[in-house]
Amino acid sequence: MQSPSDDRIAESAVDHRKGPRRRGEELENAIRAATLEELTEAGYAALTMERVAARARTSKAALYRRWSGRAELVLDACKVRGFSEVDLPDTGSLRTDTIALLRQMSAKMTSPIGGILRGLLAEMTRDPELARLIREHVHKVGPAVIRTVLQRAVERGEVEPWILGSRRATVATDLLRNEFLLFGAPVGDDTVTDIVDNVYLPLVLAPAPKPYTAPPDTTGPNPC
């Protein structure tokens, strides 16, 4: 038996040709808006190109001419809505720059787009193409910005240059993302400052202890 939602989709699919003809950016924006509405209402697992086309009152062919599949469409829709945009802080101090960056990211997580992000991250293990696109277009944003913040700290003498290429560089944004995935939004300001003051700064501020490296084995083979 069809659900009311299925009936709505079927009806919209029939009616889309009756409306005014849209082209170019106007049509693409309508499709992106429909995609975000579907994500909010049904989640990524239930989202289909057919459902998006029906909601946008267009054809599936119009979607496939622009996007190869739902993963690419979803990431594009989120990107256009500022999904991964952050302003690069420059306060003159690593501590205040990092806090400002994490606060921006936390605010994104608290917005409606944050709920969509959480759902997409949860789907990564089930959809390899979505996982690839998220790694390329979303996960790299936080690390790229924090490394720019760190580069400035290196130039000021706060951080040693080798930190930039280490796992320590992205610990702050990694911990914020994990907090969001485990406990949801909002991520409190006390948590942000705790991540920065009690974990991140002790790891990266000069002089930071270098990672332990086991000494080479110089004993040689046992002659016995």
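Which side chains does a polar contact of 2.8 Å join? In this predicted model, the side chains in question are those of Arg-55 and Glu-41. The legends below present this contact and its surroundings.

**Figure 1. Overall view of the predicted protein chain, with its 11 helices and zero strands.** Along the sequence, the elements follow the pattern α-α-α-α-α-α-α-α-α-α-α. The protein chain has 224 residues, and 41% of them count as buried. Of the contacts between residues at least 6 apart in sequence, 69% join residues at least 24 apart. The accessible surface amounts to about 12,700 Å², and carbon and sulfur atoms account for 54% of this area.

**Figure 2. Close-up of Arg-55 in helix H3.** With a relative accessibility of 22%, Arg-55 counts as partly exposed, because the buried class is confined to values under 20%. The side chain of Arg-55 takes part in a polar contact of 2.8 Å with the side chain of Glu-41 and in another, of 3.3 Å, with the side chain of Glu-37. Both glutamates fall within the range of helix H2, residues 24–42. Residues three or four places apart in an α-helix point the same way, because each turn takes 3.6 residues. The view also includes Ala-30, which is 25 residues from Arg-55 in sequence; the C-alpha atoms of the two residues are 8.9 Å apart in space.

**Figure 3. Close-up of Arg-51 and the buried residues of helix H3.** Arg-51 has a relative accessibility of 13% and therefore counts as buried. Its side chain makes a polar contact of 2.8 Å with the side chain of Glu-38. Helix H3 is mostly covered, with six of its eight residues buried. Besides Arg-51, the buried set consists of Met-49, Val-52, Ala-53, Ala-54 and Ala-56. Just after the helix, Arg-57 adopts a positive phi of about 55°.

**Figure 4. Close-up of the crossing of helix H2 (residues 24–42) and helix H5 (residues 70–80).** Two packed helices are described by the angle between their axes together with the distance between those axes. Here the axes come within 9 Å and cross at roughly 105°. H2 is therefore roughly perpendicular to H5, since that class spans angles of 65 to 115 degrees. From H2, the contact involves Ile-31, Arg-32, Thr-35, Leu-36 and Leu-39. From H5, the partners are Leu-73, Val-74, Asp-76, Ala-77, Cys-78 and Val-80. By residue class, the contact of H2 with H5 comprises eight nonpolar, one polar and two charged residues.

**Figure 5. Close-up of the buried residues of helix H5 and their cover.** The residues of H5 that count as buried are Ala-71, Leu-73, Val-74, Leu-75, Ala-77 and Cys-78. Their cover includes H2, helix H3 (49–56), helix H4 (60–64), H7 and H8. Among these buried residues, Leu-73, Val-74, Ala-77 and Cys-78 also take part in the contact with H2.

**Figure 6. Close-up of Asp-127 in the loop between helix H7 (112–123) and helix H8 (128–137).** Asp-127 counts as buried because its relative accessibility is 14%. A polar atom of the Asp-127 side chain lies 3.0 Å from the backbone nitrogen of Leu-130. Leaving aside residues up to four places away in sequence, Asp-127 touches Tyr-44 and Arg-70. Of these two partners, Arg-70 falls within the range of H5, residues 70–80.

Key
Residues are numbered from 1 along each chain as its sequence is written. This is a predicted model: local features need pLDDT of at least 70, side-chain atom pairs count only at pLDDT 80 or more; totals for chains, interfaces and linings use all residues. Side-chain values use heavy atoms; hydrogens and water are left out. Axes are lines fitted to C-alpha atoms, for helices over the stretch in contact, and angles run from 0 to 180 degrees between N-to-C directions. Helices (H or I, at least four residues) and strands (E, at least two) are DSSP runs, numbered from the N terminus. Angles under 35 degrees count as roughly parallel, over 145 as roughly antiparallel, 65 to 115 as roughly perpendicular and the rest as oblique. Contact means heavy atoms within 4.5 Å. Ala, Val, Leu, Ile, Met, Phe, Trp, Tyr, Cys and Pro count as nonpolar, Asp, Glu, Lys and Arg as charged, and the others, Gly among them, as polar. Buried means under 20% relative accessible area, exposed over 50%, partly exposed in between (1.4 Å probe, protein chains only). A polar contact is a pair of N or O atoms within 3.5 Å; within protein, one must be able to donate a hydrogen and the other to accept it, and residues adjacent in sequence count only if both atoms are side-chain atoms. Accessible areas come from the Shrake-Rupley method with a 1.4 Å probe; for residues, only the protein chains shown count as cover.
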